[in-house]
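Please look over the sequence and the model shown below before reading on. The briefing that follows takes up a few topics in turn, and it may help to find each named residue as you go.

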Amino acid sequence: MNNKLMQMTLRLAIICAVASLVLGVVNIVTEPVIIERKRVEKEVALKELSDGDHVGELQLPANSDDLHGKLMASLAAHGVIAAGEDIDEKELITSIYPVDKNGEITKYILQLDGSGYGGKMVILAVFLNDGTFVKAKLMENNETPGLGKKAEDSAYYNMFMNTGSDARPLPVSKRALVASDAEAVSGSTITFNGISRALALGSDYVKLLGGKN
């Protein structure tokens, strides 16, 4: 290795070290700000989604083999997963908030992780005790502007309204939608699939809770 090449290598190494140091400092400074911003945004969203009812303490999915087995069977029956497929609901349902009115649990707000075109999507969704979907808010996403980003609009979730009960399953494929809704999600099928499956998981999980958690 000649001297010129060694000098170039040394300069690149110094540049990389300085860049890493700067990025590290920026991360240290901005991370607490980002965490606090997300906390405030979530608090505001929970208040909005609860319609003024009391939001209980954060809970996590139960560590129950019996509940897990029933949930997998329910998801397979609804076409959310394939028969025999197993997913870990504790990785996809990251927070559970019981909502009570006059001391009685009337609904749940779940924080769900879905998978969209741009990767992870974070959704806060409201379900009645029988699993019926009420409304949702997309908290985080990297979907495509003009296509998947439509899911940021509260009106996007009208297609799921009043579904999720045994009598009216939550739609998890475009074929289950009315023509106008199927057309509306055209071009953003991956976003729709990620959101509908996350909502179906939340709906079936709440149904198994039965207002007792």
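What follows is a short briefing, grouped by topic, on two helices, two domains and several charged pairs.

The model is a predicted one, and the values below should be read with that in mind. The protein is divided into domain 1, which covers residues 1-50, and domain 2, which covers residues 53-210. Between the centres of these two domains, taken over C-alpha atoms, there are 33 Å.

**Helix 1**

- Helix 1 runs over residues 3-49, and because a helix rises 1.5 Å a residue, its 47 residues should span 69 Å, which agrees with the 66 Å found between its end C-alpha atoms.
- At T30 the helix bends by about 35°, and a proline, P32, follows within four residues of that point.
- The buried residues of helix 1 are K42, A45, L46 and L49, and the buried residues of this helix pack against strand 1 (54-55), strand 2 (93-101), strand 3 (104-116), strand 4 (119-128) and strand 5 (133-140).
- After helix 1 comes D51, a residue whose phi is positive, near 55°.

**Where the two domains meet**

- Which parts of the protein are in contact here, and how many residues does each contribute? Eight residues of domain 1 are in contact with 16 residues of domain 2.
- The size of an interface is often given as the accessible area lost when the parts come together.
- For domain 1 and domain 2 the buried area is about 1,000 Å², and carbon and sulfur atoms give 64% of it.
- On the side of domain 1, the residues that lose the most area to domain 2 are K42, L49 and S50, which together account for 61% of what that side buries.
- One salt bridge is counted between domain 1 and domain 2.

**Salt bridges**

- Side chains of opposite charge can pair when their charged atoms come close.
- In this model the count comes to 13 salt bridges.
- One of them joins K135 and D51, whose closest N and O atoms are 2.7 Å apart; this pair links distant parts of the chain, since K135 lies in strand 5 while D51 lies in the loop between helix 1 and strand 1, 84 residues apart.
- K135 has a relative accessible area of 24%, so this residue counts as partly exposed.
- D51 and K135 also belong, together with D53 and K107, to a network of salt bridges.
- Another salt bridge is formed by the side chains of K38 and E140, with 3.6 Å from N to O.
- E152 and K149 form a further salt bridge, with their closest N and O atoms 3.4 Å apart; E152 is partly exposed at 44% relative accessibility, and K149 is partly exposed as well, with a relative accessible area of 27%.

**Helix 5**

- Helix 5 covers residues 189-209, and because the rise is 1.5 Å a residue, its 21 residues should span 30 Å, which agrees with the 30 Å between its end C-alpha atoms.
- Is this helix largely enclosed or largely open? Of its 21 residues 15 are buried, and therefore helix 5 is largely enclosed by the rest of the structure.
- Within helix 5, K207 and D204 lie three residues apart, about one turn of the helix, and their side chains meet in a salt bridge of 3.5 Å from N to O.
- D204 counts as buried because its relative accessibility is 3%, and buried means under 20%.
- Just after helix 5, G210 takes a positive phi of about 60°.

Definitions and conventions:
Residues are numbered from 1 along each chain as its sequence is written. This is a predicted model: local features need pLDDT of at least 70, side-chain atom pairs count only at pLDDT 80 or more; totals for chains, interfaces and linings use all residues. Side-chain values use heavy atoms; hydrogens and water are left out. Helices (H or I, at least four residues) and strands (E, at least two) are DSSP runs, numbered from the N terminus. The expected span of a helix is 1.5 Å times one less than its number of residues. The bend at a residue is the angle between axes fitted to the seven residues ending there and the seven starting there. Buried means under 20% relative accessible area, exposed over 50%, partly exposed in between (1.4 Å probe, protein chains only). Contact means heavy atoms within 4.5 Å. Domain bounds come from an automatic or database domain assignment. Buried area is the accessible area (1.4 Å probe) that two parts lose on being put together, summed over both. A salt bridge is a side-chain nitrogen of Lys or Arg within 4 Å of a carboxyl oxygen of Asp or Glu.
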